[in-house]
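Hello,

Here is the structure I said I would pass on. My notes on strand pairing and salt bridges follow below it.

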Amino acid sequence: MVLLVLGLMFVGYAANQAIDPSIKGRQEKPEHSVEDLEATSTGTKEPADNMESLGVLSALPIPKSSKAVTPAGQPPLPIVSTPITSVHVVQSSYCWDTLGCADYVGGRAMLNGEPPTVIDPGDRISIKPNYEPLPAKVYVSEIRENNVYLPVDLSDGVFEAPKVKGLYYYLYEATWLTEDGKYTLNQTSAVFAVEIM
């Protein structure tokens with residue numbers, strides 16, 4: 001029985017090594033149009049059926065003793081805010097401890113029906129991971145038309161909102177690594193939108 005469990009763990013490890021490019025570097029964003037993504041979704045926040053083509057976030061199996069506990073057994077959402085308001089954040093794809101992995105349609109489609117947070121031009125948007133220990137890697141991208149992802153430069157977890165009126169969508173990604181930095185322990189992502197008035 002022990003050999004069977006060890007064999008299954010090895011197969012899972014090998015599969016993750018083969019399909020998870022984030023272990024060796026940052027995973028490229030899928031190049032799907034909003035229409036393609038919406039066609040794979042029912043318009044709700046249900047996991048997408050075609051996870052591989054939409055960019056599954058993967059995590060390696062880890063020993064039980066090193067798993068962290070999140071509030072209510074959910075992946076942590078970042079705290080996003082400006083100096084005067086909190087920004088509404090929606091959970092997106094993740095691989096987290098015993099919860100396993102969930103891949104959502106992603107991009108702008110995740111925010112269908114969710115109102116954007118209204119902010120002022122040039123507001124400082126702060127993004128703080130709501131979890132200890134802090135993630136080893138954090139990325140924020142602006143999601144443009146046709147789900148084109150443009151990196152956002154963070155300075156101490158803060159970036160400046162655009163100064164041009166309009167609706168802007170963002171993706172937050174965080175990765176926790178093993179102590180030696182070689183393997184992924186947990187990954188989570190979230191999306192949010194702001195409207196510049």
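To begin with the strands: Ser 141 sits across from Pro 151 of E7. Please keep in mind that this is a predicted model.

The pairing of E6 with strand E7 (residues 149-151) is antiparallel and involves three bridges. Five residues lie between the strands of this hairpin, and one residue there, Asn 146, has a positive phi near 60 degrees. E6 also pairs with strand E9 (residues 166-177), again in the antiparallel sense, through seven bridges. In that pairing Glu 142 is opposite Tyr 170 of E9.

There is also an open sheet of three strands, in the order E1-E5-E8, paired antiparallel. Its edges are strand E1 (79-81) and strand E8 (158-160), each of which pairs on one side only. From one strand to the next the twist averages 15 degrees. Antiparallel E5 and E8 are joined by three bridges, and Ile 125 faces Phe 159 of E8.

The loop that connects strand E5 (124-128) to strand E6 (137-143) contains Tyr 131. Tyr 131 is buried, because its relative accessibility of 8% is under the 20% cut-off. Its C-alpha atom is 9.9 Å from that of Ile 79, although the two residues are 52 apart along the chain.

Now the salt bridges: how many does a search of the whole structure find? The search gives three.

- Arg 108 and Glu 145 are joined through their side chains, at 3.2 Å from N to O. Arg 108 is in the loop between strand E3 (100-102) and strand E4 (117-119), and Glu 145 is in the loop between E6 and E7, so this salt bridge ties together parts 37 residues apart in sequence. Arg 108 is buried at 18% relative accessible area, whereas Glu 145 is exposed at 54%.

- Arg 144 pairs with Glu 142, with 2.9 Å between the closest N and O atoms. Arg 144 is partly exposed, at 40% relative accessibility; Glu 142, the residue opposite Tyr 170, is buried at 12%.

- Lys 163 and Glu 160 form a salt bridge of 3.1 Å, N to O. Lys 163 is exposed, with 60% relative accessible area, and Glu 160 is partly exposed, with 47%.

If you open one region, I would suggest E6 and the loop after it: E6 pairs with E9 and with E7, and Glu 145, in the loop between E6 and E7, reaches Arg 108 through a salt bridge.

Regards

How values were computed
Residues are numbered from 1 along each chain as its sequence is written. This is a predicted model: local features need pLDDT of at least 70, side-chain atom pairs count only at pLDDT 80 or more; totals for chains, interfaces and linings use all residues. Side-chain values use heavy atoms; hydrogens and water are left out. Helices (H or I, at least four residues) and strands (E, at least two) are DSSP runs, numbered from the N terminus. Buried means under 20% relative accessible area, exposed over 50%, partly exposed in between (1.4 Å probe, protein chains only). Two strands pair if DSSP finds at least two bridges between them. Axes are lines fitted to C-alpha atoms, for helices over the stretch in contact, and angles run from 0 to 180 degrees between N-to-C directions. A salt bridge is a side-chain nitrogen of Lys or Arg within 4 Å of a carboxyl oxygen of Asp or Glu.
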